[in-house]
Structures are given as structure tokens and as C-alpha cells.
Amino acid sequence: MSIQEFENKCFRELDFLYSNQEITSLCKYAYQEYFGDHWPSEISDKRREIRSDKQKLFENYLNQLTLGNPYQYIFGYTEFYGLRLKVGEGVLIPRPETEQLVDWVLEDFEALGNLRVLDACCGSGAISIALSKHLESARITGVDISEQALKYAVENDEIYQSNLQWIKQDLFDFKPEVKFDVIVSNPPYVRDLEKKEMHLNVLGKEPHTALFVSDNDPLVFYERLRYIFNQCTQDHAVMYLECNQYLKQDLIDLYSPEFIVESRDDFRMNFRMLKLSKKQ
Ligand SMILES: C[S@@+](CC[C@H](N)C(=O)[O-])C[C@H]1O[C@@H](n2cnc3c(N)ncnc32)[C@H](O)[C@@H]1O
């Protein structure tokens, strides 16, 4: 099979699931992953045969994609904040929007050490580990209900030797003994009614407990986080939250009587983040 034949096959077999632009990207990712090189732009280069030992990798990749597996699960990792993090079935693939949440924390806290930070709903540990690379003396705790997600968090922690604390617990039962200076959280926030907007491989393969909340109670995690922010943080504490783009006003109404609320959009220009500070 030549590179061109692989590309043609991808377009034939994946068009039920992906746009043309996405298929082109998926071909490029495979080429980068299996050849460590950039996708050839010249037609003559695409006529080159894929070596037989590599062909199996490309075929398996395409088979997995047709089954709806995200390419990050097939490769077993994703890139987040310049880190290569292990991911796989049972854990949410960290998203680029979440890197902007990390940016916001680091803009405010880069110069300060010794912080106690809570990453509520930590998943693969992406936020915690990214923060730990920049806030070296911070003491960071990640909490998640999912054993599978925490398995990835622990493995990622080992790779980056971050030495963070991981707690398997339902956030609704979480009663820490220490007071935090910073809370950061990307909790489940997609309403069931938004499922129809989502890509089939997200719906079919990524864990629903990581993503969805009921249409009747979409702020359930944000209410719990308000409670934790009130009960378990220092007076000067700050909380950073990733949010549902459609619920900006509801969230501002939830927090603004009590806290100073700032908001930010993501790189797609959708509302995405809140920062809450306690009124002194
Ligand atoms: C949107 S994912 C975010 C994961 C990670 N922080 C990230 O940004 O990639 C939400 C996470 O919340 C966890 N979760 C869901 N319900 C929870 C609960 N009741 N208590 C604690 N964690 C929960 C899920 O297991 C999932 O890992």
C-alpha cells in the first residue's frame, strides 16, 4: 500500500464519521506517529510504498478509527500543555480549552510558591501535572471519582515525577482536612440535550461520567464547588472553572452575589472560564 492509497482508503472508510478536513488531519497524525515525519506534500512522495512492517500499524489505525476510537486512544497518549500524557479508554482526553484554564492560573500565580491547590475532577491529571511543572513548590491534590481515570493520573504523575496527591472520591463526599489557596476544576458540564452537537466518537468512546450532567440540574458540580470554595479554602483563595459555553449567565447568577466573578472566552471565542475571588 502506498501513502496515497492509505489516504484514499481513509477518505472512503471514514467519511461516515469525519469531515474531509478531519480525515486529512488523521492521516497526518498517523504519518507523524509511525514515520516521525511530516505528511508529504508532493504527489510523487505519496506514491512511495509504506514498508510492510509499518503497513500493519496503518491498517490497525484505520480499523480502530472506523470503530470510532479517537486517535489519542489509539496512540495511547495526547499532548497537553507541552506534556505527553497517557490516555485510553475510561479517561477523558484533555482538551486545548483546558490549557487556557491552566494559563489563567499561571498568569496569576507563577511568582508564588507553596500554594495548596485542589484539582477537583482531575481525570488524567492533566491540569495538576501541568501546574506542577510551573509551580514547583505547590502542594497539589487531584480528586476524581473514577478509578480508571486516576490510574492514568498516577501513571502520568510517575512519568513526570510530579509527586502529587491523588484521592479517589466522589466530590459530593469530599471533606478535606486542609484549606486550599487555589481550586481549579473542569467538571462534567455538558447537558444531555447537547449530545446531538457532539462528535460520534466522543459520544461513543469517552466516559459519560466525565462529560454529562442532567438537563434538569446542569450546575450541580458548580454548586458543590461553591460549597467547597466556601468551606475548604483560605480567605484569599481563588477558584478557576471551566464552564459550559451556554450557561454563562446562570453561572454568574450562581456566584456573583457572593464572589468577585471574572470570565474569559476560549480560543474559539466561546465563553469558557470563570475566576472567582472572595470578597474581602
Ligand atoms: C470533564 S472531565 C475533566 C478531566 C480533567 N480535569 C481534564 O480537564 O482533562 C471531568 C472528570 O470528573 C470526574 N467526575 C465525574 N463525577 C465526579 C464526582 N461525582 N466526583 C469526582 N469526580 C467526578 C470524571 O471521572 C472526569 O474525570
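**Entry 1: ground rules**

I began with how elements are named: helices (H or I, at least four residues) and strands (E, at least two) are DSSP runs, numbered from the N terminus. I noted that this is a predicted model, where local features need pLDDT of at least 70, side-chain atom pairs count only at pLDDT 80 or more, and totals for chains, interfaces and linings use all residues. Residues are numbered from 1 along each chain as its sequence is written.

**Entry 2: around the ligand**

Which elements each supply at least two residues of the shell around the ligand? I found α7 (126-134), β4 (139-144) and α10 (208-211). A residue is near the ligand if its C-beta atom, placed from the backbone, lies within 6 Å of it. There are 22 residues around the ligand, and C121, G123, S146, L171 and A210 come nearest.

I then sorted the shell by class: 14 nonpolar, 6 polar and 2 charged residues. Here Ala, Val, Leu, Ile, Met, Phe, Trp, Tyr, Cys and Pro count as nonpolar, Asp, Glu, Lys and Arg as charged, and the others, Gly among them, as polar.

**Entry 3: C121 and Q161**

I went back to C121, which lies in the loop between β3 and α7. Is C121 buried or exposed? It counts as buried because it has 24 C-beta neighbours inside 10 Å. The scale I used: buried means 20 or more other C-beta atoms within 10 Å of a residue's own, exposed means 12 or fewer, and partly exposed is in between, with C-beta atoms placed from the backbone.

Most residues other than glycine have a negative phi. Phi of C121, though, is near 70°, a positive value. I saw a positive phi at Q161 too, near 50°. Q161 sits in the loop between α8 (147-160) and β5 (165-168), and it is exposed, with 8 other C-beta atoms within 10 Å.

**Entry 4: α7 and β6**

Next I looked at α7, where 7 of the 9 residues are buried, so the helix is largely enclosed by the rest of the structure. The buried residues are A126, I127, S128, I129, A130, L131 and S132.

Strand β6 (residues 180-185) is mostly covered, with 6 of its 6 residues buried. I checked its partners (two strands pair if DSSP finds at least two bridges between them). Strand β3 (residues 116-120) runs parallel to β6, joined by 4 bridges, and V117 stands opposite V182. On strand β9 (residues 233-242) I found 5 bridges to β6, also parallel, with T233 as the bridge partner of F180.

**Entry 5: the core and the domains**

A nonpolar core is a set of buried Ala, Val, Leu, Ile, Met, Phe, Trp, Tyr and Cys residues joined through C-beta atoms within 7 Å. Which residues have the most contacts inside the largest one? They are L131, I183, L225 and M239, in a core of 64 residues. This core draws at least three residues from each of domain 1 (3-67) and domain 2 (90-278). Those bounds come from an automatic or database domain assignment, and the C-alpha centres of the two domains lie 35 Å apart.

I followed I183 further: leaving out residues up to four places away in sequence, it touches L118, A120, L225, I228, F229, T233 and M239. Contact here means C-beta atoms, placed from the backbone, within 7 Å.

**Entry 6: I23**

My last stop was I23, in helix α2 (residues 20-35). I23 is partly exposed, with 19 other C-beta atoms within 10 Å. It touches C10, F11, L14 and Y18, not counting residues up to four places away in sequence. I also looked up I23 and R95: they are 72 residues apart in sequence and 19 Å apart in space, C-alpha to C-alpha.

Key
Two residues are in contact if their C-beta atoms, placed from the backbone, lie within 7 Å.
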